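Biologist: Please pick one part of this chain and look at it closely. Then follow its surroundings outwards, as far as the model allows.

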Amino acid sequence: MKILKQQQMEGEKMEAELLVVAAKIILSVLVGGFLLLFLYLYELLILRPKGLRSKLQKQGIRGPPPSFLLGNILALKRLQSKVQSSASKTTDPQKPYHDDDRVASICHQWPSKIFPHIEEWRNEYDVELLKELGLCKSLILGTPSITSKILGPLLGQGLLSSNGLIWAHQRKTIAPELYLAKIKGMMDLIVDSTTSVLRTWESEIQTQGGTAEIRIDENLRNISGDIIAKACFQSNYSEGEEIFSRLRTLQKVLSKGMMGVEGLIRWLPTIENREIWRLEKEIESMILKVVKQRSEASYEKNLLQMILQGAETSGENGLSHKKFIVDNCKTIFIAAHETTAVAASWSLMLLALHPDWQARVRAEVLEICGDRPLHADMLPSMKVLTMVIQEVLRLYSPVFFLAREVLETITLKNIVIPKGVVLQIPVPFLHQNPDIWGPDAY
């Protein structure tokens, strides 16, 4: 009995020792993992940005000092509050408004009001790099990696968010289908889609007795979406409407989380992340369904067929067959759909604000077209219309930033720009710079 009791005690002692050892091992793993995570975040959030700033500061390029984790967000908000306060003081709510004041009341100098930090920091720290940057064709300047991290669910690894061999292969596949000669071949589609909407407007005006108030922004999105669907997928807007709708919803959800620490919270099952994952799956399923239907129904050489052909060899560059198709279809929907509709909306609004230019454009179009149907060869003769469109794009660019990440250290304008720096070109500020466009740039 004594021997059995002693063996039992030794067994319990050994078990206790094993539990202690196991606990120590688990604790060591947890502490080690926490330490590695801490070191990773410290290098990512502190050491890496500090090192890049130091290299630029040695060359005389300085910027506003950032705060821990938040960077320059607090300074940005202070500037925005200052501008909003100033605007409210200069606005007289008691002053009556007349239609004759409509042109004077529109201020096109919107970039500095919405993004006052860019106006202030640009004036203080700007470097004359833009010309050389624009001429640089090297793959050393690529799409910022943060783009794919933040907008990955929306753009994937499509043409707008990829780099290197993947980007080169996609550009070689897609670009030839967007050359001017190909666009001219879309004229009948453009005319048919636009005419359909114009007839709807005319009918509504007649129904309301000759005058009607129409919200045109949704109609213009429908036109651009219908043209894209027909030209790229031999479909129509009604078939692609669900894809467009879900893409817009996905945009809104993604915009709520853009201030999160990159790569850290995107994998957590938060409400927003679960919504993003659901929309991603639905969009992918819809695109593949449309692609399958169209590829089986026709062998006509169009953008969809070129994407399918490019997908056959996409694996050689590190992108799967399915992902190549889905990501580039999403890119086409996003890039061409919204930007075209926004540009058309501003064009019509500014023509309405300037009836004299509206009359000149209408007279030119009627003179060139007469009773003949519109075709592509007529467009180069429409000089006034071209001027109007270019001025609209100057004042209200559909794209605010052009961004390039330095993938390898490069020298531009005698300035050494280290790997990891992201160069942002604020397009509207350039388009409204009096030094470039003259004193009436606004």
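**Helix α10 and what surrounds it**

Modeller: Helix α10 runs over residues 187–207, and its 21 residues reach 30 Å from the first C-alpha to the last, close to the 30 Å expected at 1.5 Å a residue. This is a predicted model, and the helix belongs to a chain with 19 helices and five strands. Of the 442 residues in that chain, 30% are buried.

The two sides of the helix come next. M187, S193, V197 and W201 are the buried residues of α10. They span an arc of only 145 degrees around the axis, which means they sit on the same side of α10. The general background is that an α-helix has 3.6 residues a turn, so residues three or four places apart point the same way. The other side of α10 carries exposed residues, namely D188, R199, Q206 and T207. The helix is followed by G209, whose phi is positive, near 85 degrees.

The buried side has three partners: the buried residues of α10 pack against α9 (180–184), α11 (216–233) and α15. Two of these lead further into the structure, so to describe the setting of α10 it helps to follow α15 and then α11.

Helix α15 covers residues 321–353, and with α12 (237–256) it is one of the helices that each give at least two residues to the lining of the second largest cavity. The structure holds two cavities of 30 Å³ or more, and the second largest encloses about 50 Å³ of space. F244, L247, R248, Q251, F333, I334, H337 and E338 form its lining. Sorted by class, that lining has four nonpolar residues, two polar ones and two charged ones. Helix α15 is thus both a packing partner of the buried residues of α10 and a contributor to this cavity lining.

Helix α11 leads elsewhere. F233 is the last residue in the 216–233 range of α11, and V290 touches F233 as well as I243, leaving out residues up to four places away in sequence. V290 is placed in helix α13 (residues 271–297). The C-alpha atoms of V290 and F233 are 7.8 Å apart, although the two residues are 57 positions apart along the chain. V290 counts as buried because its relative accessible area is 15%, and the cut-off for that class is under 20%.

F233 also has a contact in helix α14, which covers residues 303–312 and contains L304. Beyond its neighbours within four places in sequence, L304 contacts C232, F233, V291 and R294. R294 is 10 residues from L304 along the chain, with 8.4 Å between their C-alpha atoms. L304 is buried, at a relative accessible area of 1%. Its helix shows a similar picture as a whole: eight of the 10 residues of α14 are buried, so α14 is largely enclosed by the rest of the structure. Those buried residues are L303, L304, Q305, M306, I307, L308, G310 and A311.

Contacts across the sequence also matter for the chain as a whole. Among contacts in the chain with a separation of 6 or more, 67% are between residues 24 or more positions apart. T143 gives a local case, in the loop between β1 (141–142) and α7 (145–155). Apart from its neighbours within four places in sequence, T143 is in contact with L160, S161, S162, N163 and E405. Although it is a loop residue, T143 is buried, with a relative accessible area of 14%.

A second loop, between β3 (410–412) and β4 (415–417), holds K413 and also N414. Most residues other than glycine have a negative phi. K413, which is not a glycine, has a positive phi of about 55 degrees, and N414, likewise not a glycine, has a positive phi of about 65 degrees. N414 counts as exposed because its relative accessibility is 75%.

Conventions:
Residues are numbered from 1 along each chain as its sequence is written. This is a predicted model: local features need pLDDT of at least 70, side-chain atom pairs count only at pLDDT 80 or more; totals for chains, interfaces and linings use all residues. Side-chain values use heavy atoms; hydrogens and water are left out. On a 1 Å grid over the protein atoms alone, a cavity is a set of points where a 1.4 Å probe fits but cannot get out, and a pocket is an open set with protein on both sides within 12 Å along at least five of seven lines; lining residues have an atom within 4 Å of a point. Grid points are joined across faces, edges and corners, and a volume is the space filled by probe spheres set on the points. Helices (H or I, at least four residues) and strands (E, at least two) are DSSP runs, numbered from the N terminus. Ala, Val, Leu, Ile, Met, Phe, Trp, Tyr, Cys and Pro count as nonpolar, Asp, Glu, Lys and Arg as charged, and the others, Gly among them, as polar. The expected span of a helix is 1.5 Å times one less than its number of residues. Buried means under 20% relative accessible area, exposed over 50%, partly exposed in between (1.4 Å probe, protein chains only). The arc is that of the directions from the helix axis to the C-beta atoms. Contact means heavy atoms within 4.5 Å.
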